[in-house]
Amino acid sequence: MTEPAEFIDRTLQAEGTEVRADVDADRIGVGLKFYGASEGAVRGAVRDADRRYPGMSHDEVTALAWELWSEPVYERRLAAIVLLQRFLAVLQGSDLTRLEQFLRDARVLELVDPLAIDVVGPLLDRLEEPDATRARRIIDRWSESEDWNLRRAAGLL
């Protein structure tokens, strides 16, 4: 695990409680693990990682998001979304492929919705031609997908 990913993971585990993990598992469920860290703790961990490892490039941000997402732990995946929100300015139209994979693997609305609304939507809004047209075609494809998460994301955009 890279240092930033290890830092975020370790922080989320330290901030979690067994009681909150059980409550979140009952509320959200569906095959994810839970550390029991609050959303504020997730946002704080990402903010602190940004301060500790400043100046991350596009490739470093997307690699870190992928690394956080790779484990089916709710708080890690939420941290990946928060990271992408924080570094939205470095994301590119070509990142829609990775975001599509995240959506396919999200498993729960609590991850699908913020990923679509707070990452994909703003990314689409700032794309210029010809990337904007290409991205719209991708979203149109999502709207007709058999994958429920992709259809939901397309409907939110």
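Start by selecting D147 and N149, at the beginning of helix α9 (residues 148-156): a side-chain oxygen of D147 comes to within 2.9 Å of the backbone nitrogen of N149. That is a polar contact, a pair of N or O atoms within 3.5 Å, where within protein one must be able to donate a hydrogen and the other to accept it, and residues adjacent in sequence count only if both atoms are side-chain atoms. Helices here are DSSP runs (H or I, at least four residues), numbered from the N terminus.

Before you go on, note that this is a predicted model, in which local features need pLDDT of at least 70, side-chain atom pairs count only at pLDDT 80 or more, and totals for chains, interfaces and linings use all residues. Residues are numbered from 1 along each chain as its sequence is written, and side-chain values use heavy atoms, with hydrogens and water left out.

**Along α9 and α8**

Stay on α9 and colour N149, L150, A153 and A154, its buried residues (buried means under 20% relative accessible area, with a 1.4 Å probe and protein chains only). They sit on the same side of α9, because the arc they cover around the axis is only 135°; the arc is taken from the directions from the helix axis to the C-beta atoms. Show α6, α7 (109-126) and α8 (131-143) next, which are among the elements covering these residues.

Move to α8, where the buried residues are A132, A135, I138, I139 and W142. Their arc is only 120°, so they too lie on the same side of their helix, α8. An α-helix has 3.6 residues a turn, so residues three or four places apart point the same way. The buried residues of α8 pack against α6, α7 and α9.

**Into the core**

Now pick L96, in helix α6 (residues 96-105). Is L96 buried or exposed? Its relative accessible area is 1%, so L96 is buried. Leaving aside neighbours within four places in sequence, L96 is in contact (heavy atoms within 4.5 Å) with V120, L123, L124, A135, I138 and W142. Try a distance label from L96 to I138: the C-alpha atoms are 8.1 Å apart, although the residues are 42 apart in sequence.

Widen the selection to the largest nonpolar core, which has 55 residues; I8, L84, L96, L99, L111, L115 and W142 touch the most other members. Such a core is a set of buried Ala, Val, Leu, Ile, Met, Phe, Trp, Tyr and Cys residues joined through side-chain atoms within 4.5 Å. From I8, look for A45, A49, L64, L68 and A79, which I8 touches when residues up to four places away are not counted.

**Aromatic stops**

How many aromatic pairs are there? The count is four, where rings of Phe, Tyr and Trp (its six-membered ring) pair if their centres lie within 6.5 Å, and planes under 30 degrees apart count as stacked, over 60 as edge-to-face and the rest as tilted. Select F7 and Y53, an edge-to-face pair at 6.4 Å centre to centre with 70° between the planes. F7 is in helix α1 (residues 3-15) and Y53 in the loop between α3 (39-52) and α4 (58-69), so the pair ties together parts 46 residues apart in sequence.

Then pick F34 and Y74, a tilted pair at 5.6 Å and 35°. Both F34 and Y74 are buried. W66, W69 and F102 are worth showing together, as a cluster linked by ring pairs.

**Last stop**

Finish at R76 in helix α5, a buried residue with a relative accessible area of 4%. Its contacts include D9, E67 and E71.

Definitions and conventions: Helix = DSSP H or I, 4+ residues; strand = E, 2+ residues; numbered from the N terminus. Buried < 20%, exposed > 50% of the residue type's maximum accessible area, 1.4 Å probe, protein only.
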